[in-house]
Amino acid sequence: MIKKGRGLASVFYPTGFNGGGDAETVSMRVKRDGCIDITNTISDLGQGLKMVTIQIAAETLGIGLENFTHDNTNTDTCSYSIGAAGSRSTYTVGNATIDAGKKLIELLKSYGAGMLHCDVSEVQYEKGKVFKESDPSQAVTLKDIGGDANPSGVPLIVAGGFRPPVAPYDPETGKGLPSRTVGWGATVADVEVDDETGIVKVENLYTCYDIGTVINRLSAQGQVDGGDIMGIGMALFEDLTPNYPESIDMQTSNYTDYIIPTFMDMPKHSEVQFHESYDPYGPYGAKGLGEMVNNTQPAAIVNAIYDAVGVLVESIPATPEKILRLLEEKGK
C-alpha cells in the first residue's frame with residue numbers, strides 16, 4: 001500500500017571560517033579602452049562566482065557589467081585566494097572587490113584631477129566619470145583616463161583585500177562567537193512510501209533560504225536545485241560503505257554499485273524561495289550559500305518517511321531494505 005507523509009528540517013550554516021586566516025584579495029586594472037580587468041584566483045565551481053564578482057564591482061563603481069572581465073586562470077599573476085570552501089566565495093571575494101573598487105575610485109580621482117588641471121579635493125567620481133564639483137561639465141571618463149594613463153606608462157592598478165576578524169572568545173569559559181555571519185534554511189518534503197517494497201518517492205520538495213541579499217538569483221536558484229538533487233541522493237541512494245559498521249571498506253567504487261539519482265527520481269514539484277535580509281558584514285548584505293543547500297533534504301525526507309509509515313531510519317540512505325526491516329520489526 002502506498003502511504004504518504006510530510007517531513008520538515010532546518011539548518012543554520014556559517015559563512016566562511018572564523019578562526020582567522022580567511023583572507024582574500026582582488027586586483028583591478030584599468031585598460032586603455034577604459035574597461036577593467038579583475039583578477040582573483042578563486043575557482044568558479046559552477047556557482048557563478050565570476051559573474052557575482054563583476055556584479056559587485058559594477059555596483060561599487062556605478063558602471064555596467066560590460067566594462068569588466070574577470071581573470072582567475074593563473075595563480076602566478078592573479079591576486080591571492082585560499083579557494084572556494086566554507087561557503088565563503090561571495091562573502092570574502094565580494095568584500096575584497098568592494099575594497100578594490102573604492103581604492104580604484106580614489107586612484108581615478110587623483111589621475112582625473114591631473115587631467116582636469118585641478119586639485120583632487122575639487123573633483124568627484126560618479127558612474128565612470130571624474131568631474132569638477134564646481135563645474136560637472138568638465139569631466140573625464142574611464143576611457144579618457146585609461147587612454148591617457150596607459151600610453152604614459154602610468155599603471156592604473158589597485159589591490160583590495162578582506163580578512164574577517166578573528167572571533168573573540170572568553171578565555172575563562174571558552175565561549176565565543178561561532179560565526180558573525182550565518183545563513184538559514186529549511187526544507188519540507190512530501191513522500192510516498194510503498195510499505196510492501198520499501199521504495200520511497202519524493203513527490204514535492206519546498207526549500208527556503210535566508211542568504212542575506214541575493215546578488216544573483218538565477219545562480220542562487222541553480223545552486224539550490226543542485227543541492228536538492230544531492231540531498232535526495234544522500235537520503236535515498238548514495239552509500240559508499242553499505243556494510244557499515246561491520247565494515248568501513250568502500251564497497252561501491254563504481255556507478256553500477258554506487259547509485260545516484262536520475263531525473264526519474266526528482267520530485268514532481270519543487271519550489272525554491274529566498275527570504276531576503278541584510279547582513280551588516282556581507283558585501284551589500286550578502287551571506288554564503290554553497291554548502292548549506294544539501295543539508296536539509298535528507299533529514300526532511302527521513303522525517304517524511306516516519307510520518308508516512310511510522311518507522312525512523314537512523315542512518316542514510318533510507319534504502320528499501322532498511323525500511324522493510326524496520327517495518328518488520330515494528331510489526332512484531
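Strands β5 and β6 form a hairpin with two residues between them, and K127, which sits in the turn, has a positive phi of about 50°. This hairpin belongs to a predicted model, and it offers a convenient point of entry to the structure. The two strands, β5 and β6, pair in the antiparallel sense over four bridges. One example can be followed residue by residue: Y125 has V130 of β6 as its bridge partner.

From β6 the chain continues to another hairpin, in which six residues connect β6 to β7. Strand β7 covers residues 139–141, and three bridges join it to β6 in an antiparallel arrangement. Here V130 appears again, since its bridge partner in β7 is V140. V130 is thus bridged to Y125 and to V140.

V130 also leads into the interior of the protein. It is among the residues with the most contacts inside the largest nonpolar core, together with M28, I36, L61, F68, L104, L108 and others named below where they recur. This core has 34 residues. Several elements each supply at least two residues of it, namely β2 (24–30), β3 (36–39), α1 (49–61), α2 (89–115), β5 (123–126), α3 (142–149) and β8 (157–162). The largest share, nine residues, comes from α2. In soluble globular proteins, nonpolar side chains tend to be buried together.

F68 shows how such a core is joined. Not counting residues up to four places away in sequence, F68 touches I36, I38, I54, A57, A58, L61 and I63. Apart from this core lies another one, of 23 residues, among them A189, V202, L205 and A300.

The next region to consider contains strands β9, β10 and β11. Strand β9 (residues 182–194) pairs with β10 in the antiparallel sense over ten bridges, and V188 has Y206 of β10 as its bridge partner. The two strands form a hairpin with five residues between them; G198 in this turn has a positive phi of about 80°. On pairing with β11, the sense is parallel: β10 and β11 are joined over six bridges. Within this pair, the bridge partner of C208 is Q273 in β11.

Helix α4 (residues 217–236) packs in this region as well. Its buried residues pack against β10 (200–210), β11 (269–274) and α5 (296–309). The residues of α4 that are buried are A220, V224, G227, D228, G231, I232, G233, A235 and L236. The helix has 20 residues and reaches 29 Å from its first C-alpha to its last, close to the 28 Å expected at 1.5 Å a residue. At the start of α4, a side-chain oxygen of N216 comes to within 3.3 Å of the backbone nitrogen of L218.

Two individual residues may now be compared in their surroundings. Is Q47, in the loop between β3 and α1, buried or exposed? Its relative accessible area is 15%, and because buried means under 20%, Q47 counts as buried. Leaving out residues up to four places away in sequence, Q47 touches A84, S89, S219 and Q223. A polar atom of the Q47 side chain also lies 2.5 Å from the backbone nitrogen of L45.

The second residue is F12, in strand β1 (residues 2–14). With a relative accessibility of 55%, F12 counts as exposed, because the exposed class begins over 50%. When neighbours within four places in sequence are left aside, F12 is in contact with V182, G183 and W184. The C-alpha atoms of F12 and D210 are separated by 9.3 Å, although the two residues are 198 residues apart along the chain.

These details can finally be placed within the whole protein. Its secondary structure comes to six helices and eleven strands. Of its 332 residues, 46% count as buried. Among contacts with a separation of 6 or more, 72% are made by residues 24 or more positions apart. The C-alpha trace spans about 90 × 50 × 35 Å along its principal axes. The radius of gyration is 26 Å, whereas a compact globule of 332 residues would have one near 20 Å.

Conventions: Residues numbered from 1 in each chain as written. Predicted model: local features only at pLDDT ≥ 70, side-chain atom pairs only at ≥ 80, totals over all residues. Heavy atoms only, no water. Core = buried A, V, L, I, M, F, W, Y, C linked by side-chain atoms within 4.5 Å. Buried < 20%, exposed > 50% of the residue type's maximum accessible area, 1.4 Å probe, protein only. Contact = heavy atoms within 4.5 Å. Pairing = 2+ DSSP bridges. Expected span 1.5 Å × (residues − 1). Polar contact = N/O pair within 3.5 Å; in protein donor to acceptor, adjacent residues only side chain to side chain. Rg over C-alpha atoms; globule rule 2.2 N^0.38 Å.
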